[in-house]
Amino acid sequence: MLDIKITKAAALKQKPDESNLGFGKIFSDHMFVMDYTPAQGWHDAQIVPYAPFALDPACVVFHYAQELFEGLKAYRTADNTIQLFRPDCNGQRMMDSAVRMCMPEIPVEDFVQAVKALVEVEKDWVPHSDGASLYIRPFIIATDVGMGVHASHNYRFCIICSPSGAYYAEGIDPVRIYVEDEYIRAAPGLTGFAKCGGNYAASIKAGAEAEKLGFAQVLWLDGVEKKYVEEVGSMNIMFKIDGKIYTAACTGTVLPGVTRRSCIELLKDWGYEVIEGKLAIADVMKAGHEGKLEEVFGTGTAAVVSPVKELDWKGDKVFINDSKIGPVTQKLYDTMTGMQWGKLPDTKGWIVPVCKG
Ligand SMILES: *Cc1c(COP(=O)(O)O)cnc(C)c1O
């Protein structure tokens, strides 16, 4: 249990126009900060006015990228309850990532307490409009000063909040995906399962090149044989082939998405066979040409689900479901967003109320 000191901002910012929020552009009035030193452990938990940090230019995070982040949302229901979706899963994932990155762990209860405390202070920043939410970004950075390459001794944990618009403001629009055949994102033994900035730094080039060709994202193949599908830019990915759902197993190279595991649980509840394992891209393309590739969709907190209409692999193309969202993708979207915004009962115990808005 953290003892959180709250210092309110003297003047509050003007709330933005909700019709034009976009993603991650505007930040709320306060942030949560907590520091770690070897002598004191995590200490000095505070909610303070949102402001820049002063950091020494020789800080480890700037040079060797010892850093982790998380992403989750706070939702406002019709009766003005502010609520979270499975924040304990984000806390647990951050701790699993911390072990890989030699960073000190934060107890999951403390992580959830910090998120709830900040969201309660910022409850007026949780948007009211349909589909909009307050995006929450916890992160940990290494703050030792010095250029030696070793694990930092000192860290800062911070949480910031950004009101974000509906992902599908113009309706759900299926995307084109480029199957990346040159660059890789992860390989066994590396940090693919950790939500660390370094994974993103290494993936920007592939994303930029695909975007130039008119694709929304890349689909990463395994880093050893470039044979098996893993995930897309910032989402996991699922394939419905001949009635069964396939997705890559979380064996160290794939980010274990909270949306991914939630979709798998729902799909199993609905009686679908879900296969977590190796799926060769050649088999996906073959299924596509044989008319058996029924649905393809990404899963992630930002979009919930993102239907795919086209896959391009080494010049071969398959088109999926007439460029329309498929029925299973739609049902997942409706069920997940229904629970998140309180329009459907929380039959899974996934919703964590924070306060009245
Ligand atoms: C965050 C992330 C996801 C999705 O995880 P969710 O918990 O569902 O938001 C998938 N892939 C990568 C690389 C990610 O960083």
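**Exercise 1.** How many salt bridges does a search of the whole structure find?

*Solution.* The structure is a predicted model, and a search of the whole of it finds 16 salt bridges. As background, side chains of opposite charge can pair when their charged atoms come close.

**Exercise 2.** Find the salt-bridge partner of E310, and work out where the two residues lie and whether each is buried or partly exposed.

*Solution.* Begin with the contact itself: E310 forms a salt bridge with R176, and their closest N and O atoms are 2.9 Å apart. Next, place the partners in the chain: E310 belongs to strand β16 (residues 304-313) and R176 to strand β9 (residues 175-179), so the pair ties together parts that are 134 residues apart in sequence. Then turn to accessibility, for which the cut-off is that buried means under 20% relative accessible area. E310, with a relative accessible area of 7%, is therefore buried, whereas R176, at 24%, counts as partly exposed.

**Exercise 3.** Describe the salt bridge between R185 and E231, and then the one between K205 and E209.

*Solution.* In the R185 and E231 pair, the closest N and O atoms are 3.0 Å apart. This pair links distant parts of the chain, since R185 is in the loop between β9 and α4 (197-212) while E231 is in strand β11 (residues 229-232), 46 residues apart. Both R185 and E231 are buried.

The side chains of K205 and E209 also meet in a salt bridge, at 3.0 Å from N to O. Here both residues lie in helix α4, 4 residues apart, which is about one turn of the helix. E209 is partly exposed, its relative accessible area being 29%. As a last step, consider shared partners: salt bridges of this kind join R176, E310, D312 and K317 into one network.

**Exercise 4.** Which side chains of strand β13 are buried, and which strands pair with β13?

*Solution.* In a regular strand the side chains alternate between the two faces of the sheet. In β13 (residues 244-247), I245 and T247 point to one face and are buried, while K244 and Y246 point to the other and are not.

Strand β12 (residues 235-241) pairs with β13 in the antiparallel sense over 4 bridges, with I241 standing opposite K244. These two strands form a hairpin with 2 residues between them, and D242 in the turn has a positive phi of about 50°.

Strand β14 (residues 274-276) runs parallel to β13, joined by 3 bridges, and V274 in β14 is the bridge partner of I245. From β13 the chain crosses through helix α5 (residues 258-269) to β14, in a right-handed β-α-β crossover.

Notes. Residues are numbered from 1 along each chain as its sequence is written. This is a predicted model: local features need pLDDT of at least 70, side-chain atom pairs count only at pLDDT 80 or more; totals for chains, interfaces and linings use all residues. Side-chain values use heavy atoms; hydrogens and water are left out. A salt bridge is a side-chain nitrogen of Lys or Arg within 4 Å of a carboxyl oxygen of Asp or Glu. Buried means under 20% relative accessible area, exposed over 50%, partly exposed in between (1.4 Å probe, protein chains only). Two strands pair if DSSP finds at least two bridges between them. A crossover is right-handed if, with the strands pointing away from the viewer, the path from the first strand over the helix to the second runs clockwise.
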